[in-house]
Amino acid sequence: MQEFHLVILAIVVSFGFVFSYLAMKEHDLLKALALSSVQSTFFALGFYILAAPDIVLAYLAIAVGAYTALVILAISKTERYEVGE
């Protein structure tokens with residue numbers, strides 16, 4: 001049973017890394033923020049698999065909730081698209 005949890009944890013963290021990479025490569029800042037929120041959700045799921053529900057609740061409230069709201073506010077004050085080189 002423990003091997004099953006480790007396999008699921010590896011898959012969840014891998015998806016988190018994939019969404020993190022996609023967020024870094026995105027030029028539309030709102031899409032990058034959405035991808036970052038999905039990445040944070042996968043990492044919170046990883047914390048849940050590691051049996052840390054208190055960290056999950058704090059991580060979801062901060063990383064998905066407050067962080068997203070603050071960055072949307074910052075994006076609304078600037079340009080939505082990142083200017084390339």
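Here are legends for a few close-up views of this predicted model.

**View 1. The annotated span, residues 18-80****.** The unreviewed UniProt entry marks these residues as "domain: MrpA C-terminal/MbhD". Helix makes up 86% of the span and strand 0%. From one end to the other, the C-alpha atoms sit 23 Å apart.

**View 2. A nonpolar patch on the surface****.** Met1, Phe4, Val7, Ile8, Ile11 and Phe15 together make a patch of about 610 Å². Take Ile11, which belongs to helix α1 (residues 2-25): this residue is partly exposed, at 42% relative accessible area.

**View 3. Phe15 stacked on Phe42****.** The structure has four aromatic pairs. In this one, the ring centres are 5.5 Å apart, with 20 degrees between the planes. Phe15 comes from helix α1 and Phe42 from helix α2 (residues 29-49), so the pair ties together parts 27 residues apart in sequence. Both rings are partly exposed, Phe15 with a relative accessible area of 42% and Phe42 with 22%. Ring pairs also bring in Phe19, giving a cluster of Phe15, Phe19 and Phe42.

**View 4. Phe17 edge-to-face with Phe43****.** Here the centres are 5.6 Å apart and the planes meet at 75 degrees. Phe17 is in helix α1 and Phe43 in helix α2, so this pair ties together parts 26 residues apart in sequence. Phe17 counts as exposed at 53% relative accessibility, whereas Phe43 is buried at 18%.

**View 5. Thr68 and its contacts****.** Thr68 sits in helix α3 (residues 53-77) and counts as buried, with 14% relative accessibility. Setting aside neighbours within four places in sequence, Thr68 touches Leu33, Ser37 and Ala63.

Note on methods:
Residues numbered from 1 in each chain as written. Predicted model: local features only at pLDDT ≥ 70, side-chain atom pairs only at ≥ 80, totals over all residues. Heavy atoms only, no water. UniProt positions renumbered as here; feature names shortened; annotations may be inferred. Helix = DSSP H or I, 4+ residues; strand = E, 2+ residues; numbered from the N terminus. Patch = residues over 30% accessible without salt bridge, like charges linked within 9 Å, V, L, I, M, F, W, Y side chains within 5 Å. Areas by Shrake-Rupley, 256 points an atom, 1.4 Å probe, with all protein chains shown as cover. Salt bridge = Lys/Arg side-chain N within 4 Å of Asp/Glu carboxyl O. Buried < 20%, exposed > 50% of the residue type's maximum accessible area, 1.4 Å probe, protein only. Contact = heavy atoms within 4.5 Å. Phe/Tyr/Trp six-rings, centres within 6.5 Å; stacked < 30°, edge-to-face > 60°.
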